[in-house]
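Me: I'm new to reading protein structures. Please choose one spot here and take me through it closely, then follow the trail outward from there.
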Amino acid sequence: MARQLDTQIAARFPVGRRLRVLDVGPGQGTQALRLARAGHEVTGLEADPRMAAALREAVTAEPEGIQERMRVVEGDGRDAGAHFRPGTFDVVLCHGVLMYVAEPDPMLAGLARVLAPGGLLSLLVRNADALALRPGLAGDWATALAAFDSPAYTNRIGLAVRADRRETLTATLAGIGAPVQAWYGVRVLTDQAPDGTPPPAGEELHRLLAAEDRAGRTDPYRAVAALLHLCGVRG
């Protein structure tokens, strides 16, 4: 996922340019802090006050230069236009958030508006076209059958959420002036691993990552990934 994002950033912006990044729903700040450490100016927009407080605490543990490049704003991604002016950011991340939003189109339009021309919108969503795979491979036939007819599902922490179809998102992003330029599958080969399974070590980990990266860029494998990573560019 980080490699895919870095590839898209490198393809669209000059090397060494300090980018203005908005991370919507940054959670623990994995991507936000990684990009701040790389020299970019990052804003995390977090709706959960507890998560925002935890992220601020994590930022205080960073060197002073990184702290100066990272800020946390409490707010909902659906109200991005109320927090930021149009064209404020070069990159907007919205990873693992849309599944909690009943009507994603208005939110996506708002995120596109805060992008500068040529800016990158990076989305990570649950793949509605692959919802039947996990329960089907686990022998849960009732859930697998239901997944063919509805994008609603219950996630691994027990919350009722929803998935998105690539075809629908592609049309939405084209309609709001940030058409998809590239897309990848995420968790193609490893989605069936039980929760809490530690990753392999050493050379085996490198092989796993290489296989996942290859599958995430290759048809037909990427189309049935658990997650989809879509990269749109503001016209």
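Reply: Let's start with Arg134, which forms a salt bridge with Asp191, their closest N and O atoms being 2.7 Å apart. "Salt bridge" here means a side-chain nitrogen of Lys or Arg within 4 Å of a carboxyl oxygen of Asp or Glu. The general idea is that side chains of opposite charge can pair when their charged atoms come close.

Before we go on, a word on ground rules: this is a predicted model, where local features need pLDDT of at least 70, side-chain atom pairs count only at pLDDT 80 or more, and totals for chains, interfaces and linings use all residues. Numbering runs from 1 along each chain as its sequence is written, and side-chain values use heavy atoms, with hydrogens and water left out.

Back to our pair. Arg134 sits in helix α7 and Asp191 in the loop between β8 and α10 (202-216), so the two tie together parts that are 57 residues apart in sequence. Those element names come from DSSP runs numbered from the N terminus: helices are H or I with at least four residues, strands are E with at least two. Helix α7 itself covers residues 133-137.

Are the two partners buried or exposed? Both Arg134 and Asp191 are buried. That word means under 20% relative accessible area; exposed is over 50%, and partly exposed is in between (1.4 Å probe, protein chains only). Arg134 has a relative accessible area of 18%, so it counts as buried. Its side chain also shows up as making a polar contact with the side chain of Asp191, at 2.7 Å. For that, you need a pair of N or O atoms within 3.5 Å; within protein, one must be able to donate a hydrogen and the other to accept it, and residues adjacent in sequence count only if both atoms are side-chain atoms.

Who else is around? Setting aside neighbours within four places in sequence, Arg134 is in contact with Arg126, Arg156, Arg187, Asp191 and Gln192, where contact means heavy atoms within 4.5 Å.

Arg126 is a handy stepping stone, since Arg162 is in contact with Arg126 too, along with others including Leu98, Pro104 and Tyr153. Arg162 lies in strand β7 and, at 15% relative accessibility, counts as buried. A polar atom of the Arg162 side chain lies 2.8 Å from the backbone oxygen of Leu98. Arg162 also shows how the chain folds back: its C-alpha is 5.3 Å from that of Pro151, though the two are 11 residues apart along the chain.

Strand β7 leads us to helix α6 (residues 104-113), because β7 is among the elements covering the buried residues of α6, and so are β1 (20-24), β4 (89-95) and α9 (166-175). This helix is mostly covered, with 7 of its 10 residues buried. Among those are Pro104, Met107 and Leu111.

Met107 and Leu111, together with Leu22 and Val92, have the most contacts inside the largest nonpolar core, which has 28 residues. A nonpolar core is a set of buried Ala, Val, Leu, Ile, Met, Phe, Trp, Tyr and Cys residues joined through side-chain atoms within 4.5 Å. Helix α6 gives this core its largest share, 5 residues. Leaving out neighbours within four places in sequence, Met107 is in contact with Val24, Gly77, Arg78, Cys94, Val97, Leu98 and Val101.

Notice Arg78 in that list: its side chain meets the side chain of Asp76 in another salt bridge (2.8 Å, N to O). Asp76 is at 24% relative accessibility, so it counts as partly exposed.

One more salt bridge makes a nice contrast with our opening pair. Arg207 and Glu204 pair with their closest N and O atoms 2.8 Å apart, and both lie in helix α10, 3 residues apart, about one turn of the helix. An α-helix has 3.6 residues a turn, so residues three or four places apart point the same way. Arg207 is partly exposed at 47%, and Glu204 is partly exposed at 43%. How many salt bridges does the structure hold? The count is 16.
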